[in-house]
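User: Hey, can you walk me through this one? I'm new to reading structures.
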Amino acid sequence: MNSTQTALQFEIDKQSFWKGLTPFDWVWSIVVMLGTAYAYVMYQDLMDVYEKGILVSTGVGLVFLGWSWKAMRGLSIAVFLLSILGISRYVNGLSDADTDFFLRFLVSGQSAVMWMSALYVLATVTYFIAFFGRSDFAGKVASAMTWSATTMGLVGLMVRWRESYLIGIDVGHIPVSNLYEVFILFSIITALLYLFYERRYQTRALGGFVLLIISAAVAFLLWYMFDRQADEIQPLVPALKSYWMKIHVPANFVGYGAFALAAMVGTAFLVRATADERGSNGIATALPDLDVLDDLMYKSIALGFAFFTLATILGALWAAEAWGGYWSWDPKETWALIVWLNYAAWLHMRLTKGWRGKPMAAWAIIGLFVTLFAFLGVNMFLSGLHSYGEL
Amino acid sequence: MTNQPTTSIARGAKTSALLVRFLGSMNLAITLLVALSIAAIIGTVLQQNQPYTDYVIKFGPFWFELFQQLGLYDVYSSGWFLFILFFLVVSTSTCIYRNAPNMLREMREYRENSTLETLKNYPNTYSWSLNSTHVEVLDVTQKLFQHNGYSARIKEGDGHTLVSGMKGAGSRLGYVLTHLAIVLVCIGGLIDGNAILKARELLGQITTETRNLPADEVPGISRLGVENMSFRGSVSIPESRESDVLFINYKDGYLVQELPFSVEVKDFRIEHYLSGQPKSFESDLVIHDDRLAEPLQQTISVNYPLIYDGYSIYQASFSDGGSELELLAWPLSGSGTAQKKLETKVGDDLQLNLFNESWVLETSNFRLFNINPSDDPSKKFKNAGPSVQFKMRDKTGEAKEFLNYMVPVEREGQLYYLSGVRSSPAEEFKYLYVPVDDAGGIDRFMNYLHALNDKTLLMDLAAKQNVTGSSLPSQDSAKFNEAMVRLVGVFLKSGMNGVIEQVGKNVPTDKREDVTKLYVRVIQQMLGAVYLDVLAKEGVDVSLGVDEKKAAFFDAASAAISSIDRYGSPVYFQLTSFVHHQASGLQIAKAPGKNLVYPGCAMLILGVFLMFYAPQKRMWAWFETTEDGIKLLLSGHAVRDNMDFSAEYQQLQAQFGRILSP
Ligand code: HEM
């Protein structure tokens, strides 16, 4: 082999996905698969064939996610350990939440969500401090807080899942069944999407902007909790008792989260573009270039659109089983269609007419309001078949 | 003259080209998307398919008429909405017709004929002068292209070699899939929607039925035969009964849809959570069909429908299936009238001639359980037992609605029968608390009430009282006794409040307090005397007074009697026994359009992901041998995704650079 051949081989090996996997990656995959197998064996009696399929796919998906985004491994392990701690502290039933130190102050579903809330708000403030103070260190702290908040949010959901079964085996269900629970999910998914792009684009300047919407979600969550006792675990109405919920709701919230991210990047875009037009070289120039923001906005809407399409279709299939028709023009369904058409129009304008710049950023922000109405407004103002979370 | 045909052909070609351009234009597409969204917003803001009377009340006759003309009460099957959908189908189809051939060609094209000029003009271009061999460069190019996911074609040109690489052809396919999917879903949706029904209505083949008729009396013009391809309707079938029709709500009425088989509900079961919310409901169905060797049995529940012969049968709801009830009607006024036994069924209207008045008793619902939050901290919930809901309509057509519980509930240590009443569904129920006696019945209460209505008895008892404490002349005392009895009468008619009101009207202010006190005392005393008399007649020994329980009963009974006028019904109905029958609410649908919609959905998902995540990218390596060795040009081009593509290009460029050092 001559030197060219060696160099070629070297390049090819370097880039190879499989050869790039470290021993830790392999340990990771084995641990996840063992965990999945354990859950399968332990709980197979409680699952139907679809739910088993979902469990196995989640396991496999998590392995790949951990391989391609290494930070997910740390997150998963932290969530796993803390959740196990939480679950294992419940010995005498739910009342332990009031007496056990760990549950009360750290890892009961409720406490973990409180930690999540506090950390997201703190992270928002810290991101802005980092942004205005141009402080790298503060930025790192803010990232760490966001990661921690996300961890606690996931722990909260996991432990809550268990808690629902402690109420009664027939009450137990995955915690994505009402507004309170999906607000937690929304915060977590939006944060994760942001964290992914934070690493990808190597900038923390957008953190404050994105976390602003998460803080707003947290504010709603807290109001909902204190004013309406929404955190109480309620049994499911018959129509919601289906494996479809496990895929429809998360897919929907990847969509909502991505649309929220796009809107906040759109906001940053407007700030930066306005500053550039004025020729100012103030703090706004610490934001990424317009090209980058535009690209990120597009990617985010594309991701949201893809998942929203998936979620809406899954919803239609579910409706076909639960309500007797795949489409009933129920307000929630109809608003999902409106959201979808809106972003379809956005994508067409960008791709086929080449629209760029401020109008598209503004449209992305308007899109969030449309989304928000579909997500909340419908429950508040319109009545329909969707039975979860009446305000 | 000779060239006229050609011009008209040319003109025709030109018009159709224009039409295609218009129909396939992005502006039209966006306009349609926006129009569809606006229609959808209207459809959600204005509640659809409500009874027309509700709309009249809401909007007034003028706007009601206008909105009805615009089809706003059923937007999604209105003509203009279907028109927009139709146009979207046409527009998208045109768009596919125009773009798909290009897209599919591009998928397969490697652009092997690109000139050096073109390649140099791409933003991602770089060139090297190398002292490698032709073979080496070709080999490296092929391997690197392949390794980075580009499939490649090699073309030997005039003194040069061009390796053309491409990946992400899927995005082009994605475009076709996505847009084709839209067309399929819309067409399928139109088939399954109300469009066909609407057309038949316009042709005068059907009209809706608005009267409340038994299914078999609905005339043919409002019936849809078994040949109807697509519908969605519902029917409520009591246990152990069957139905071979269903009802489709349409506009301000309904249509009857016939089935080629009949569905029997053998059994309906409902399970509850501890909190009383329904946990699951399911029906054991039997399908009777001549085409079947034997009836088909299957249990369905929410989320688990039965698909039979292209018909999907869903568990949708439940209701009472005509429970048989036995009621005792107790008169609340007059004396000595005995209670009367009645038998009725939920859903029936019973003509009544009770205690000299005629009414209709419309029994609307029976519930086996009523689970409410408990005030007892050790238990979260308590079951208030069966209840019956009915309306009593008098001759004038006015109705009061009642909600009566069968088993007594406890309140502050005393058991009561509860009966709620209201004059309109918008109101909350106001409750009458009828106390339960020692024997667990309501006889004592009724005896007491009737005794209070018995003038002779009252006169008798009044004479035995010595209220003023002084010995009045007998004439005066007779007057006073009459006054006492009258007072009791006022109390019976309008309660203690009525008595106080009367004092307010007839007595000067300065004496009001004294008189009120006196009246209250008199009434108390009379009530006490009547009560003791009732007890004595029951055979209770009252010579030493009454025990605490009987005293408490007296207070409760007197309070109940005081509130009878608010209760507003001359009768109290006691639910004494029942036979519970449930009905299962089924939804039956035939939706052949889903054979287009479902594949369309799969194509849509696949197409969208392909379009976003397999963007088309191209790389070219152009090299030729010159006197100074090899000259290599690497160019890249992608329609979209420019930032990512530049990064990818640079990575490839760097790899070339590192491997083939100049
Ligand atoms: C409800 C209707 C429609 C939906 C949901 C839809 C959806 C989409 C989506 C998701 C994309 C991909 C955007 C991207 O790659 O980022 C796209 C691209 C496109 N659509 Fe549509 N579309 C619809 C109707 C139409 C119509 C009516 C036309 C014709 C005027 C059209 C023309 C195009 C074109 C030309 C592209 C760009 C393809 C490319 O360059 O890759 N679309 N559409």
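User: How do the residues of the shell around the ligand divide into nonpolar, polar and charged?
Analyst: There are 14 nonpolar, eight polar and two charged. Here Ala, Val, Leu, Ile, Met, Phe, Trp, Tyr, Cys and Pro count as nonpolar, Asp, Glu, Lys and Arg as charged, and the others, Gly among them, as polar. Keep in mind that this is a predicted model: local features need pLDDT of at least 70, side-chain atom pairs count only at pLDDT 80 or more, and totals for chains, interfaces and linings use all residues. Residues are numbered from 1 along each chain as its sequence is written, chains are lettered from A and ligands numbered from 1 in the order in which they are written, and side-chain values use heavy atoms, leaving out hydrogens and water.
User: Ok, and which residues are closest to the ligand?
Analyst: His348(A), Leu351(A), Cys95(B), His179(B) and Arg640(B), out of 24 that surround the ligand (a heavy atom within 4 Å of it). Residues from chains A and B are both there, so the site is shared between chains.
User: Which side chain has an N or O atom 2.6 Å from a nitrogen atom of the ligand?
Analyst: That's His348(A). It's a polar contact, meaning a pair of N or O atoms within 3.5 Å. For an oxygen atom of the ligand, Tyr298(A) has a side-chain N or O atom at 3.0 Å.
User: New topic: what handedness does the crossing of α7(B) and α15(B) have?
Analyst: Left-handed, which means the near helix is turned anticlockwise from the far one by less than a right angle.

Note on methods: A polar contact is a pair of N or O atoms within 3.5 Å; within protein, one must be able to donate a hydrogen and the other to accept it, and residues adjacent in sequence count only if both atoms are side-chain atoms. Helices (H or I, at least four residues) and strands (E, at least two) are DSSP runs, numbered from the N terminus.
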